[in-house]
Each structure stands twice: as C-alpha cells, then as structure tokens.
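Q: Can you walk me through reading a protein model, one feature at a time?
A: Sure, let's put it on screen and start with a single residue.

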Amino acid sequence: MLLEGKKGLILGVANKQSIAWAIAESAAREGARLIFNYQNDRFKDKVEKLAEGLEGSKTFQCDVGSDDEIAAMMKGVEGEFGELDFLVHSIAYAPTEELAGEFINTSRQGFATALEVSAYSLVAVSRAAAPLMKNGGSIITMTYLGSERVIPNYNVMGVAKAALEASVRYLANDLGPRGVRVNAISAGPIRTLAARGVGGISKMVEAHREIAPLRHATEQAEVGDTALFLLSS
Ligand code: NAD
C-alpha cells in the first residue's frame with residue numbers, strides 16, 4: 001500500500017485505454033483516493049462510469065484551456081479532500097492536420113494550440129494545485145521521445161513536448177523548496193485516443209516492438225507502475 005492515505009488529482013482520462021486511467025488503477029491499488037477531470041460533456045459519462053468503480057473517487061469538469069474551469073475544479077478538490085498529495089497531468093492535443101506530413105507546414109494557430117494545451121496547461125494546473133500540497137507532494141506529466149528526436153508525423157507535438165519538459169525543470173526548481181517533486185515520464189508509443197491522431201502510430205508501435213530492449217510494445221500498466229514509483233514518497 002505505497003499510497004495509503006494519499007489523495008491525488010488525475011487529469012486526462014478519456015477512456016479505459018488512457019494512460020491516465022492505468023495510472024489511476026496503479027494508484028488506487030496502492031490505497032490512494034482519487035479525483036478525476038473530464039474535458040467536456042463528450043467524456044463525462046465514460047469518466048464518471050470508470051470513477052464509480054473506484055471507491056471514494058470524484059469527478060469534475062475541466063478544460064485546461066480555461067483558467068476559470070481550472071479554478072473551479074481546484075475549489076471542488078479542496079472541498080472534497082482539503083489537501084493534495086499528488087497531481088497527474090496526462091493531457092495533450094494538436095489539431096489532426098498538424099500530425100501528418102512536413103513540420104514546415106505547421107500553422108500559427110496549430111502551433112499555439114498544441115503548445116497551450118500540451119505544455120502551458122502543466123504550468124497552470126501546477127500553480128493551482130501547489131497551495132493544496134501542504135505537506136509536499138509529487139507532480140507528474142507524460143512526454144515522448146519526439147521532444148528530442150525527429151519522429152515522422154509527430155511534428156508540432158514534439159515541439160510541445162520539448163516545452164513541456166523544460167517546464168518540468170522550471171517547475172521543479174520553483175516547487176522543490178516546498179517539498180514538491182515534478183517529473184515527466186517518457187512512454188513508448190501506445191494506441192490510445194490521442195495517439196490515433198498521429199499519422200503512422202501503428203508503424204511506431206511495431207518499430208518499438210522490434211527494437212526496444214524488452215522487444216514488446218509498451219503497455220499502459222507499465223506506465224502506471226512507473227508513475228506509482230514517482231507518486232509515492
Ligand atoms: P488519451 O486520449 O487517452 O488522453 C489524452 C487526454 O487529454 C484526454 O483525456 C483528453 O480529454 C485530454 N485533453 C485534451 N485536450 C484537453 C483540454 N483542453 N482540457 C482537458 N483535457 C484535455 O491519450 P493518452 O495517450 O493516454 O495521452 C495522455 C498523455 O500521454 C498525453 O500527454 C500524451 O502526449 C502522452 N503520451 C502518449 C503516448 C502514446 O503513445 N499514447 C506516448 C507518450 C506520451
């Protein structure tokens with residue numbers, strides 16, 4: 001029971017395949033109480049149904065593009081839990097047309113959207129959550145190798161992940177003195193709702209299966225248990 005008595009907020013569950021859901025399952029197995037967000041009405045029923053299966057969990061609506069929705073969610077979290085021990089940020093978005101073909105064709109709006117939703121949102125939710133982490137805590141986010149190397153079709157999302165990783169370092173420096181750790185997990189390619197927007201994702205999974213040290217495709221549960229290590233004290 002590595003997370004016994006701990007309270008966490010998990011952002012980014014869309015469905016059972018979501019990496020955030022695998023993290024939730026690992027955290028709940030080890031005794032954590034959890035609150036989830038759903039982005040909008042499209043995801044409400046699915047997320048609520050999943051959360052129902054975990055005793056004592058709650059859900060709130062929050063589109064991370066809105067400071068008001070972030071503030072309202074944190075108010076709800078404070079009302080339910082009083083404080084937070086960890087925050088999981090497992091959110092990314094870029095318009096589909098930006099995730100195929102040449103990076104040079106990235107539009108101004110596509111670039112701004114990808115960076116705002118996929119990188120700035122970590123800054124916004126960390127700032128909102130930090131006051132609730134009264135006894136220190138742990139923040140994690142999800143990144144991918146496309147931040148460091150050119151991966152075909154990953155395009156502007158690679159640039160967003162580079163910004164996300166730099167944000168992790170600056171946030172870690174700000175929050176470290178308050179006892180809050182900030183880390184990113186770089187997962188291998190996994191077929192999820194978000195990943196299906198990246199052109200050629202099936203080929204990426206196949207290539208990973210062939211050349212990764214374990215010679216198998218990354219599974220959500222493996223990422224869940226990696227998160228568990230970083231979330232535990
Ligand atoms: P997913 O589609 O299950 O999760 C993405 C989530 O982002 C969804 O729940 C969606 O609702 C949420 N989201 C998007 N825009 C939002 C907004 N404006 N406000 C609130 N929520 C918003 O896919 P996933 O693969 O589990 O993705 C989770 C994270 O893992 C992402 O950061 C992704 O880049 C990262 N990641 C995924 C892979 C992979 O291959 N699947 C690999 C490495 C990293």
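Q: In which loop is the place of glutamate 102?
A: First, keep in mind that this is a predicted model. Glutamate 102 sits in the loop between strand 4 and helix 4.

Q: Is glutamate 102 buried or exposed?
A: The idea is to look at relative accessible area: under 20% is buried and over 50% is exposed. Glutamate 102 has 56%, so it counts as exposed. Here's something else to look for: its C-alpha atom is 7.2 Å from that of asparagine 153, although the two are 51 residues apart along the chain.

Q: Let me try another one. Where is threonine 218, and in between which helices?
A: Look at the loop between helix 6 (201-211) and helix 7 (220-231). With a relative accessibility of 16%, threonine 218 counts as buried. Its side chain also makes a polar contact of 3.1 Å with the side chain of histidine 208.

Q: How do I read a strand, say strand 5: how many of its residues are buried?
A: Start with the general pattern: side chains in a regular strand alternate between the two faces of the sheet. Now the case here: strand 5 covers residues 137-143, and 7 of the 7 are buried, so the rest of the structure largely encloses it. Take the two faces in turn. Gly137, Ile139, Thr141 and Thr143 are on one side, Ser138, Ile140 and Met142 are on the other, and all of them are buried.

Q: Which strands pair with strand 5, and in what sense?
A: Strand 4 (residues 86-89) pairs with strand 5 in the parallel sense, over 4 bridges. To find your bearings there, spot phenylalanine 86, which stands opposite serine 138. Strand 6 (residues 180-186) also pairs with strand 5 in the parallel sense, over 7 bridges. In that pairing, threonine 143 stands opposite serine 186.

Q: What do these strands make together with the helices?
A: Follow the chain from strand to helix to strand. Strand 4, helix 4 (residues 108-129) and strand 5 make a right-handed β-α-β unit. Carry on through helix 5 (residues 155-175) to strand 6, and strand 5 is part of another right-handed β-α-β unit.

Q: How many aromatic pairs does a search of the whole structure find?
A: It finds 2. For each pair, check the distance between ring centres and the angle between the planes. Tryptophan 21 and phenylalanine 36 are 5.7 Å apart centre to centre, with 40 degrees between the planes, which makes the pair tilted. Tryptophan 21 lies in helix 1 (residues 19-29) and phenylalanine 36 in strand 2 (residues 33-38), so this pair ties together parts 15 residues apart in sequence. Both tryptophan 21 and phenylalanine 36 are buried. Tyrosine 144 and tyrosine 154 form an edge-to-face pair, at 4.9 Å centre to centre and 65 degrees between the planes. Each of these tyrosines lies in the loop between strand 5 and helix 5, so the pair ties together parts 10 residues apart in sequence. Tyrosine 144 and tyrosine 154 are both buried.

Q: Which residues come nearest to the ligand?
A: Of the 27 residues around the ligand, the nearest are Ser18, Gln39, Lys161, Ile190 and Thr192. Don't forget the backbone, though. Polar backbone atoms lie 2.8 Å from a ligand oxygen at isoleucine 19, 3.3 Å at alanine 14 and 3.5 Å at valine 13. The ligand has 820 Å² of accessible area on its own, and the protein covers 94% of it.

Definitions and conventions. Residues numbered from 1 in each chain as written. Predicted model: local features only at pLDDT ≥ 70, side-chain atom pairs only at ≥ 80, totals over all residues. Heavy atoms only, no water. Buried < 20%, exposed > 50% of the residue type's maximum accessible area, 1.4 Å probe, protein only. Helix = DSSP H or I, 4+ residues; strand = E, 2+ residues; numbered from the N terminus. Pairing = 2+ DSSP bridges. Right-handed = clockwise from strand over helix to strand, strands pointing away. Phe/Tyr/Trp six-rings, centres within 6.5 Å; stacked < 30°, edge-to-face > 60°. Near = heavy atom within 4 Å. Polar contact = N/O pair within 3.5 Å; in protein donor to acceptor, adjacent residues only side chain to side chain. Areas by Shrake-Rupley, 256 points an atom, 1.4 Å probe, with all protein chains shown as cover.
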